[in-house]
Amino acid sequence: MAWSIADVARMSGVTSRTLRHYDEIGLLPPAWIGSNGHRYYEEADLLRLQQILLMRELDLGLREIRAVLESQVDQVAVLREHHRRLLAERNRLETLARTVGRTIAELEEGKDNNAMAKINRPENLFEGFEPSAERAEAEAEVRERWPEAWEQSRQAVETMTPEDMEQWQREVTAQMIRLAEFMVAGTPVDDPAVQAEMDIHYQGVCRFWTPNAVAYKGLGQTYVDDPQFRANYAKIADGLAVYLCDAMVVYADARLD
């Protein structure tokens, strides 16, 4: 029995685009291609896809997954590497908890600010996030749309120290609050002050990967289209995801190739 690429996408939750990419890089070729050009998968291919998805849950890169499936590396060694990443993630979360605690204290000191009074409680910036959820969602989107960029991002994150991660998170927190203040004040997204924030935002993204205009605008659209992203930004201020996306479009058109 064989299933079409649409059937496999429906059953697995993996997009057809991702399945085609897996085929292109030799990770998951279909059993055969019909005269209509459609890809078809058999049971063995579904089992291979299940293995791929399991290893993605372990945060393994596509190269590592392919190596494991082709038995080019010791699976115990792969698990040891995953264990190392888990310990690093634990340290990151401990650092993040301290960062959020300090940010809450700082923001509550200025709670009488009129602009901030119109914005949802700043501590909600992280409420409801699963451990590393925002980063995981971002990686998943980049991984599907721009695989090479995702690999660059993953490598960059692995080189960050806990102090680097803490500083980065504080910068992100502060910027999202500044953007929410602009939005509440009715500042147009093409305002120089907002675009200055977008330059900071873009440079922050470039710490992990370097998107061109199309990719940067696509990332902004992801903030709007993805329910998790949209909900997370709404915890800061309703409509922030759309405001950020629109500002990113203006920046990309004006500054990026």
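Ile 33 stands opposite Arg 39, a residue of strand β3. That pair is a good way into this predicted model, so to speak, through its sheet. Strands β2 and β3 run antiparallel and are joined by two bridges. Together they form a hairpin, with five residues between the two strands. Have a look at the turn: Gly 37 sits there with a positive phi of about 85°.

Now for the other side of β3. Strand β1 also runs antiparallel to β3 (residues 39-42), and here three bridges do the joining. Ser 4 stands opposite Tyr 40 of β3. Put the pieces together and you get an open sheet of three strands, in the order β1-β3-β2, with antiparallel pairing. Which strands are at the edges? They are β1 (2-4) and β2 (32-33), and each of them pairs on one side only.

Here are the two neighbours of β3 side by side:

| Strand pair | Bridges | Direction | Facing residues |
|---|---|---|---|
| β1 and β3 | three bridges | antiparallel | Ser 4 and Tyr 40 |
| β2 and β3 | two bridges | antiparallel | Ile 33 and Arg 39 |

Next, the helices around this sheet. Helix α3 (residues 43-57) lies across β1 and β3, and runs at about 85° to β3. Helix α3 also packs against helix α2 (residues 16-24), at an angle of about 100° and with the two axes 13 Å apart. Angles of 65 to 115 degrees count as roughly perpendicular, so α2 is roughly perpendicular to α3. Which residues make the contact? From α2 come Thr 18, Leu 19 and Tyr 22, while α3 brings Leu 49, Ile 52 and Arg 56. Sorted by type, the residues of this contact are four nonpolar, one polar and one charged.

Stay with α2 for a moment. Its buried residues are Thr 18, Leu 19, His 21, Tyr 22 and Asp 23. Thr 18, Leu 19 and Tyr 22 are also part of the contact with α3. Just after α2 comes Gly 26, with a positive phi of about 80°.

Time to zoom out. The protein has 13 helices and three strands. Of its 257 residues, 44% are buried. What about contacts between residues at least 6 apart in sequence? Of these, 67% join residues at least 24 apart.

Where is the largest nonpolar core, and what is it made of? At least two of its residues come from each of α9 (162-184), α10 (192-206), α11 (213-225), α12 (227-234) and α13 (240-255). The largest share, nine residues, comes from α13. This core has 33 residues, and those with the most contacts inside it are Met 198, Tyr 216, Tyr 233 and Leu 244. Take Leu 244 as an example: leaving out residues up to four places away in sequence, it touches Met 176, Leu 179, Met 198, His 201, Tyr 223 and Tyr 233.

There is a second core too, separate from that one. It has 18 residues, including Leu 27, Leu 28, Tyr 41 and Met 55. Tyr 41 lies in β3 (residues 39-42), and Met 55 lies in α3 (residues 43-57).

How values were computed. Residues are numbered from 1 along each chain as its sequence is written. This is a predicted model: local features need pLDDT of at least 70, side-chain atom pairs count only at pLDDT 80 or more; totals for chains, interfaces and linings use all residues. Side-chain values use heavy atoms; hydrogens and water are left out. Two strands pair if DSSP finds at least two bridges between them. Helices (H or I, at least four residues) and strands (E, at least two) are DSSP runs, numbered from the N terminus. Contact means heavy atoms within 4.5 Å. Axes are lines fitted to C-alpha atoms, for helices over the stretch in contact, and angles run from 0 to 180 degrees between N-to-C directions. Angles under 35 degrees count as roughly parallel, over 145 as roughly antiparallel, 65 to 115 as roughly perpendicular and the rest as oblique. Ala, Val, Leu, Ile, Met, Phe, Trp, Tyr, Cys and Pro count as nonpolar, Asp, Glu, Lys and Arg as charged, and the others, Gly among them, as polar. A nonpolar core is a set of buried Ala, Val, Leu, Ile, Met, Phe, Trp, Tyr and Cys residues joined through side-chain atoms within 4.5 Å. Buried means under 20% relative accessible area, exposed over 50%, partly exposed in between (1.4 Å probe, protein chains only).
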